[in-house]
Amino acid sequence: MKAAAKVCANIALIKYWGKVSTALNIPAVGSISITLGNLWSETEVEFDESLPSDTLILDGQSRLDQLGRVTECLDLLRVRAGVEASARVVSHNNFPTGAGLASSASGLAALTIAAARALALELSPRSLSIIARQGSGSAARSIFGGFVEMHAGSTPDGSDSFAESLLAADTWPLEVVIAVTERGEKSVSSRAGMEQSALSSPYYSDWVATSTVDLDRGRRAVLGRDFEQLTNVAEHSCLKMHAVAMAAQPPLVYWNATTVACMHVIWDLRHSGVPVFFTIDAGPQLKAVCAPGFSQEVEKALRDVPGVLETLITGLGPGIIG
Ligand code: DP6
């Protein structure tokens, strides 16, 4: 009862922020993401009757703080398999963990797939997506490659809250440059940040109310491979999410000065004709998305911004890679 899985991270272009159910981790809004080929989590799961409880080693360290969501995901699979044994989980990210680089997305998706394999469960991609969602909303999207849409769904049990493929990675091979501006883990997790936003941001209800329009625009842009339209709606969704978070009480500002400097560099590049836009998650890293063939030029510009510690370049990936 031991297996492993290697799964790519993803970043949302139309953001998920807020839940209708914390118990089932059902998002309040749908989202659209791209799966990143060079950023991945590798997770090994071993079910062992002799273990008193689940254990998690993440990047070489025991992580009790992350164990709750891991156990929730494993429980869903244990029930399906009729197995009660606890599991030993060992996971590794090939990029900084918990710093707004989508580590929970790839991590929880890899956990779901490895555990399903270890329990010899034959599950459809949709079922895997629903189970991964209950570990982390963004993980539901990492089951798929390329461009992915996550449906918020409307049933109270979350059975229609899953991701599915929108467009294959090689159909529109966009490139991504990540500017790492801080290496530590963020002080307020996405989970806590979205809860704080829902409870106290006066803009939260408008965020939810306008999400369908953004999703429609985003989906049309992806399916029509319209980079300009995708630029407009993706930056809007990102900045709107951050505006909601900034207006929470206490406020949530995930950016640092370098993040803002990078935003201006992207706008300057765009004004000079480079097809590029940015997105930023619950952390200070900036992700620049550019049309095929432009990542070297974008990387060069971001590398020179004072405060940028490292840049990572990636294309789109297939989701499950091992
Ligand atoms: C800002 O999926 O990490 O990256 O469901 O609570 O685990 P939980 O949250 P998580 O939130 C991701 C938020 C985001 C936007 C996005 O990926 O859509």
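A polar contact here is a pair of N or O atoms within 3.5 Å. With that cut-off in hand, we can walk through this predicted model, starting at the ligand.

**Around the ligand**

Arg-69 meets the cut-off: an N or O atom in its side chain sits 3.3 Å from an oxygen atom of the ligand. Ser-136 and Asp-281 also put polar side-chain atoms within reach of ligand oxygen, and the table lists the distances for these residues.

| Side chain | Partner | Distance |
|---|---|---|
| Arg-69 | oxygen atom of the ligand | 3.3 Å |
| Ser-136 | oxygen atom of the ligand | 2.7 Å |
| Asp-281 | oxygen atom of the ligand | 3.4 Å |

How much of the ligand does the protein bury? On its own the ligand exposes 460 Å², and the protein buries 94% of that.

The shell around the ligand has 18 residues, and those that come nearest are Tyr-16, Lys-19, Ser-136, Gly-137 and Ser-138. By type, the shell splits into six nonpolar, six polar and six charged residues. Which element gives the most to that shell? That would be helix H4 (residues 190–200), with three residues.

**Asn-10 and its partners**

Ser-138 turns up again when we look at Asn-10, a residue of strand S1 (residues 2–14). Asn-10 is buried, with a relative accessible area of 2%. Its side chain reaches the backbone oxygen of Ser-138 at 3.1 Å. The Asn-10 side chain also makes a polar contact with the side chain of Ser-142, at 2.9 Å.

**Helix H9, a two-faced helix**

Now for helix H9 (residues 295–303), where the buried residues are Ser-295, Val-298, Glu-299 and Leu-302. Why do they count as being on the same side of H9? Because they cover an arc of only 100 degrees around the axis. The face turned away from this buried side carries the exposed residues Gln-296 and Lys-300.

What do the buried residues of H9 pack against? Their partners are helix H8 (257–271) plus four strands: S10 (175–180), S11 (276–279), S12 (286–290) and S13 (310–315).

**Backbone oddities in the loops**

Some loop residues are worth a look for their backbone angles. The peptide bond from Gln-249 to Pro-250 is cis, with omega near -5 degrees. Pro-250 belongs to the loop between helix H7 (227–246) and H8.

Asn-25 isn't a glycine, yet its phi is positive, near 50 degrees. You'll find Asn-25 in the loop between strand S2 (19–21) and strand S3 (26–27), and it is buried at 2% relative accessible area.

Asp-59 has a positive phi too, about 50 degrees, again without being a glycine. Asp-59 sits in the loop between strand S5 (55–58) and strand S6 (61–62). Is Asp-59 buried or partly exposed? Its relative accessibility is 35%, so Asp-59 counts as partly exposed.

**Trp-172**

Last stop: Trp-172, in the loop between strand S9 (163–167) and S10. Although it belongs to a loop, Trp-172 is buried, with a relative accessible area of 9%. Leaving out residues up to four places away in sequence, Trp-172 touches Phe-147, Leu-167, Ala-221, Val-222, Arg-225, Asp-226, Phe-227, Leu-230 and Leu-316. As for Ala-81, which is 91 residues from Trp-172 along the chain, the C-alpha atoms of the two are separated by 39 Å.

Technical notes. Residues are numbered from 1 along each chain as its sequence is written. This is a predicted model: local features need pLDDT of at least 70, side-chain atom pairs count only at pLDDT 80 or more; totals for chains, interfaces and linings use all residues. Side-chain values use heavy atoms; hydrogens and water are left out. A residue is near a molecule or strand if one of its heavy atoms lies within 4 Å of it. A polar contact is a pair of N or O atoms within 3.5 Å; within protein, one must be able to donate a hydrogen and the other to accept it, and residues adjacent in sequence count only if both atoms are side-chain atoms. Accessible areas come from the Shrake-Rupley method with a 1.4 Å probe; for residues, only the protein chains shown count as cover. Ala, Val, Leu, Ile, Met, Phe, Trp, Tyr, Cys and Pro count as nonpolar, Asp, Glu, Lys and Arg as charged, and the others, Gly among them, as polar. Buried means under 20% relative accessible area, exposed over 50%, partly exposed in between (1.4 Å probe, protein chains only). The arc is that of the directions from the helix axis to the C-beta atoms. Contact means heavy atoms within 4.5 Å.
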